[in-house]
Amino acid sequence: MAFLSSLDISHSGLSSQRLRMDIILQNIANQDSYNTSTGEPYCRQLTVISEKKDFAGVLSKYTSREESTHRRGVYYRANMDKYRNAGSVITAVIDDDAPMTPVYDPENPLADENGYIYHSNVDNTKEQTDLLAAQRAYEANASAYEVVKAMMSKAAELKGN
């Protein structure tokens with residue numbers, strides 16, 4: 001059943017967006033950190049979300065032609081499970097390459113030879129906007145999940161009659 005795999009798609013979307021929200025909240029929590037355990041200011045983290053399938057797997061699924069014989073002839077089943085294991089996954093959590101914010105504070109013991117300390121490159125406005133987008137994407141996946149569950153319930157109800 002093709003619509004059963006849509007539960008997997010929605011579930012993977014929920015997981016990806018939840019992890020994305022966790023990373024954004026970590027950025028917000030550490031936005032005022034200018035001296036981490038490495039001695040560097042906190043660097044903003046970004047998530048890279050991509051499709052679960054790799055191109056070679058998709059290509060082989062579309063090019064494989066399995067034969068199925070029927071009393072009326074031979075049929076080819078090329079795309080039966082094309083949505084199996086579909087969905088999204090976070091492939092990487094990367095550092096943002098935006099520059100750190102320099103602040104002139106020559107009396108700070110962490111200041112460099114020019115009297116600057118460097119604050120995190122986290123911008124609270126960007127983080128709040130990203131958090132809102134991730135929340136909306138999470139809600140959309142949750143709605144899709146509920147619709148598929150309702151379809152499955154109605155199909156089971158109709159089959160029972």
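This is a chat about an aromatic pair and some salt bridges in a predicted model.

Trainee: What should I keep in mind about the model and the numbering?
Mentor: The model is predicted, so local features need pLDDT of at least 70 and side-chain atom pairs count only at pLDDT 80 or more, while totals for chains, interfaces and linings use all residues. Residues are numbered from 1 along each chain as its sequence is written, and side-chain values use heavy atoms, with hydrogens and water left out.

Trainee: How many aromatic pairs does the structure hold?
Mentor: It holds one, where rings of Phe, Tyr and Trp (its six-membered ring) pair if their centres lie within 6.5 Å, and planes under 30 degrees apart count as stacked, over 60 as edge-to-face and the rest as tilted. The rings of Y104 and Y116 have centres 5.4 Å apart and planes at 70 degrees, so this pair is edge-to-face.

Trainee: Are Y104 and Y116 buried or exposed?
Mentor: Y104 is exposed at 55% relative accessibility, whereas Y116 is partly exposed at 33%; buried means under 20% relative accessible area, exposed over 50%, and partly exposed in between (1.4 Å probe, protein chains only).

Trainee: Changing topic, how many salt bridges are there?
Mentor: There are six, each being a side-chain nitrogen of Lys or Arg within 4 Å of a carboxyl oxygen of Asp or Glu. In one of them, D96 pairs with R44, with the closest N and O atoms 3.2 Å apart.

Trainee: And how covered are those two, buried or exposed?
Mentor: D96 is buried at 12% relative accessible area, and R44 is buried at 7%.

Trainee: Which residues are linked with them in a network?
Mentor: E127 and D130 are linked with R44 and D96 in a network of salt bridges.
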